[in-house]
Amino acid sequence: MLLNSQPDHVNWTSVEATRNVANSMALSQLLLDAQRAIGSDTGAALRCIEQAVTLLGKPAAEPVSAQARGGLARWQIEKIKRHIESNLDDTIQVADLASIARLSAGYFSNAFKVSFGQSPHAYIVARRLDRAKELMISSELSLCAIAFDCGFSDQAHLCRQFRRATGASPNAWRRSQCNHAGQAPAQLQAA
């Protein structure tokens, strides 16, 4: 870590650049592993690709001084996360999130992006997709029911967002996950 002339301040640009290089190297390795495995072990290739997608979607760790640089305060982050998690099945408006954080909608959106590394909408969609994945693995609910439980307007909306994020349809992803775990839900056997 490089320090400025003042010992209390960390050069976050240098830290972020180092983190970006490490993430790029890890991402490159995951994609190379996926390429090698695609012909012989499709499951392993899919797991590598999913890890790469997770790495791409994962916001960088928040530096302590994020609030001074335009991010949200810790209490705001925690309240926003709790609100999003408890309301994933409902409509979540940026104005409501801004109100919880006691900020204007415009300032909130910018501060959210600094703190989370993505827009509020992108974060909410990612959380909904994570919840959908959990439900697909742990239950035998139909994709339509899962879509509604996760706040998507319909099954087609879930499928579009899921394919955009993972490169696979929800049903294909569900089958691959169940095959890895040795499970065979009744509705997948009928498909």
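Reader: Which residues lie nearest the centre of the largest pocket, and how many residues line it?

Author: This is a predicted model, to be clear from the start. In it, 22 residues line the largest pocket, and those nearest its centre are Val53, Gly57, Ala126, Asp130 and Ala165. The volume comes to about 620 Å³.

Reader: What makes a residue part of that lining?

Author: A lining residue has an atom within 4 Å of a pocket point. Val53 and Asp130 are among the 22 residues listed for the lining, so each has such an atom.

Reader: Which helices supply at least two residues each?

Author: Those are helix 2 (42-57), helix 6 (120-138) and helix 8 (155-166). Helix 6 gives the most, with nine residues.

Reader: How do the lining residues divide into nonpolar, polar and charged?

Author: You get 10 nonpolar, six polar and six charged. Take some of the central ones: Ala and Val count as nonpolar, Asp counts as charged, and Gly goes with the polar group. Therefore Val53, Ala126 and Ala165 are nonpolar, Asp130 is charged and Gly57 is polar under that scheme.

Reader: What is the pattern along the sequence, and how many helices and strands are there?

Author: There are 10 helices and zero strands. Read in order, that gives α-α-α-α-α-α-α-α-α-α.

Reader: Why is threonine 166 called buried?

Author: Buried means under 20% relative accessible area. Threonine 166 has 16%, so the label buried fits. This residue is found in helix 8. Across the protein, buried residues make up 33% of the 191 residues.

Reader: What makes the link from the side chain of threonine 166 to alanine 168 a polar contact?

Author: The cut-off for a pair of N or O atoms is 3.5 Å. The side chain of threonine 166 reaches the backbone oxygen of alanine 168 at 3.2 Å, so the pair passes on distance.

Reader: Where is serine 169, and which backbone atom does its side chain reach?

Author: Serine 169 is found in the loop between helix 8 and helix 9 (170-181). Its side chain reaches the backbone nitrogen of alanine 172 at 3.1 Å, so that pair is also within the 3.5 Å limit.

Reader: What is serine 169 in contact with, leaving aside neighbours within four places in sequence?

Author: With Phe162 and Arg163. Contact means heavy atoms within 4.5 Å, so serine 169 has heavy atoms within that distance of both.

Reader: How much of the accessible surface belongs to carbon and sulfur atoms?

Author: Of about 11,200 Å², 54% does.

Note on methods: Residues numbered from 1 in each chain as written. Predicted model: local features only at pLDDT ≥ 70, side-chain atom pairs only at ≥ 80, totals over all residues. Heavy atoms only, no water. 1 Å grid on protein atoms, 1.4 Å probe; cavity = no way out; pocket = protein on both sides within 12 Å on 5 of 7 lines; lining within 4 Å. Points joined across faces, edges and corners; volume = space filled by probe spheres on them. Helix = DSSP H or I, 4+ residues; strand = E, 2+ residues; numbered from the N terminus. Buried < 20%, exposed > 50% of the residue type's maximum accessible area, 1.4 Å probe, protein only. Areas by Shrake-Rupley, 256 points an atom, 1.4 Å probe, with all protein chains shown as cover. Polar contact = N/O pair within 3.5 Å; in protein donor to acceptor, adjacent residues only side chain to side chain.
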